[in-house]
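User: Could you take a close look at one part of this model for me? I'd like to know how it is put together, and then what lies around it.

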Amino acid sequence: MQISRTLARQMEHSSWIRRMFEIGLQLRRERGAENVFDYSIGNPDLEPPAAVMAALRRIAAENRPRSHAYMPNAGFPEVRATMARRLAERSGIPFTGDDILMTTGAAGAINTILKAILDPGDEVIILTPYFPEYRFYIENHGGRVVTVETDEQFQPDPARIARAVTPRTRALILNSPNNPTGVIYSEKVLGEVNRVLPDPVLVICDEPYRPLTFDGAVTPEAVRIFDRAVIAWSWSKAMAIPGERIGYLALPPHLPGIAQLRGACTVANRILGYINAPAIWQWVVDAVPEVTVDVAHYQARRDLLCDALESMGYDAPRPQGAFYVFPKTPIPDDIEFIGLLQQEGILAVPGTGFGRGGYMRLSLTITRDAIERSLPGFERAIAAARSPVGQALSRTGASLR
Ligand SMILES: Cc1ncc(COP(=O)(O)O)c(C=O)c1O
């Protein structure tokens, strides 16, 4: 059976994730699982908070009537009302249950809003380095991806964004705290971005990492800053439950054409095949206040890894949030350097996979013990990269690809 040309091309583009997965399997076979240090996947290794599991058990035991039935496509009205109340308290914007659409994670929320607003050929701006799935989400709905570089600190660059806007621009996707850089976008910069975005460009605030911040940092409230913004929220990372597929899309009540947009999103959620968000998990997130995993674990891992990498000579800025470190690779060819790390049993994702070569992403979803045992490998890899052979390889482009 022939697959579509679009999907064949997309599979080519997603080859970094596939490739790391396959290399990981091979390395585990060759070296034994305990000698492979997998920094490649953003899959929380912490267990969900105890309160979440207690609520799940309680709700399963209650066995409420019609717990497993279809419901309105936007989700249980009571759950939507709870989310609106919490969001109103946090943001000061008078959200009501009507403004909340329960979704299958942030991915479901982003696909829903894109489906609701895009016609074929419409443009969506994403900021480099970006979460690679955005490309596919946009193309799912006939959209055209427009990439715009961030500045040296990975903050949005309002002037570059302004230059990228055309009459076909429908949306800008922002992700803060950011995957892959761990940067939190500053309130000042977001305000400047708001000023350069003409009507009807909509800002899609992708916020699955919002509560995962370090050193007490607070993620600015983007829906208050932007004239036209929606929130794609998810408990995947905050509660370490990405397999449960639960999140929401929040549409602020002051958005122009809000009634039509709500209706469009509700239909989009249905016809995309999500139908509704998982029923039991809607009740669970309704029952527990906004508890999160203990961020101190990620922060301790960040400090351990960044201190060690810095002392070896890596340029590894400390992330302010999320759970990724995004160091420069010691040689410009990030794919070449990833190959040197693999020889040490270390799996990382090249910055090229996020649209920014010369960097690598290291996920902090790895135990402290594994980080400690991987450090000699990082030291040998930087030494190899700086050796005359490593320098020559990087100059000629002869690589381990
Ligand atoms: C930036 C970003 N957005 C969206 C998602 C998708 O999250 P969810 O599992 O809630 O669909 C991820 C998952 O890794 C992510 O990193």
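Analyst: Happy to! A good place to begin is I125, whose bridge partner in β5 is L172. This is a predicted model, in which local features need pLDDT of at least 70 and side-chain atom pairs count only at pLDDT 80 or more, while totals for chains, interfaces and linings use all residues. Residue numbers start from 1 along each chain as its sequence is written.

The pair I125 and L172 belongs to strand β3 (residues 123–128) and strand β5 (residues 169–175), which are joined by 4 bridges in the parallel sense. Strands here are DSSP runs of E with at least two residues, helices are runs of H or I with at least four, and both are numbered from the N terminus; two strands pair if DSSP finds at least two bridges between them.

Stepping back, the open sheet has 7 strands in the order β2-β8-β7-β6-β5-β3-β4, and its pairing is mixed. At its edges stand β2 (100–103) and β4 (144–149), each pairing on one side only. From one strand to the next, the twist averages 25 degrees.

Now to the ligand. It has 13 residues around it, and G105, A106, A107, S234 and S236 come nearest; a residue counts as near if its C-beta atom, placed from the backbone, lies within 6 Å. Helix α5 gives the most to this shell, with 3 residues. By class the shell holds 5 nonpolar, 7 polar and 1 charged residues, where Ala, Val, Leu, Ile, Met, Phe, Trp, Tyr, Cys and Pro are nonpolar, Asp, Glu, Lys and Arg are charged, and the others, Gly among them, are polar.

Helix α5 (residues 105–117) also has a helix beside it: its axis and that of α6 (residues 133–140) come within 9 Å and cross at roughly 35 degrees. Axes are lines fitted to C-alpha atoms, for helices over the stretch in contact, and angles between N-to-C directions run from 0 to 180 degrees. The crossing of α5 and α6 is right-handed, that is, the near helix is turned clockwise from the far one by less than a right angle (anticlockwise would be left-handed). A107, I110, N111 and L114 of α5 make the contact with E133, Y137, I138 and N140 of α6, contact being C-beta atoms, placed from the backbone, within 7 Å. Sorted by class, 5 of the residues in the contact of α5 with α6 are nonpolar, 2 polar and 1 charged.

For another view of helix packing, try α3 (residues 50–62) and α11 (residues 279–287), whose axes come within 9 Å and cross at roughly 125 degrees. That angle makes α3 oblique to α11 (under 35 degrees is roughly parallel, over 145 roughly antiparallel, 65 to 115 roughly perpendicular, and the rest oblique). Here too the crossing is right-handed. V52, A55, L56, I59 and A60 of α3 meet I280, W283, V284 and A287 of α11, giving 9 nonpolar, no polar and no charged residues.

Finally, there is an open sheet of 3 strands, ordered β9-β12-β11 with antiparallel pairing. Its edges are β9 (324–325) and β11 (349–350), each with a single partner strand, so one side of each has no neighbour in the sheet. β11 is joined to β12 (residues 360–363) by 2 bridges, and P350 stands opposite M360 in β12.

How values were computed:
Contact = placed C-beta atoms within 7 Å.
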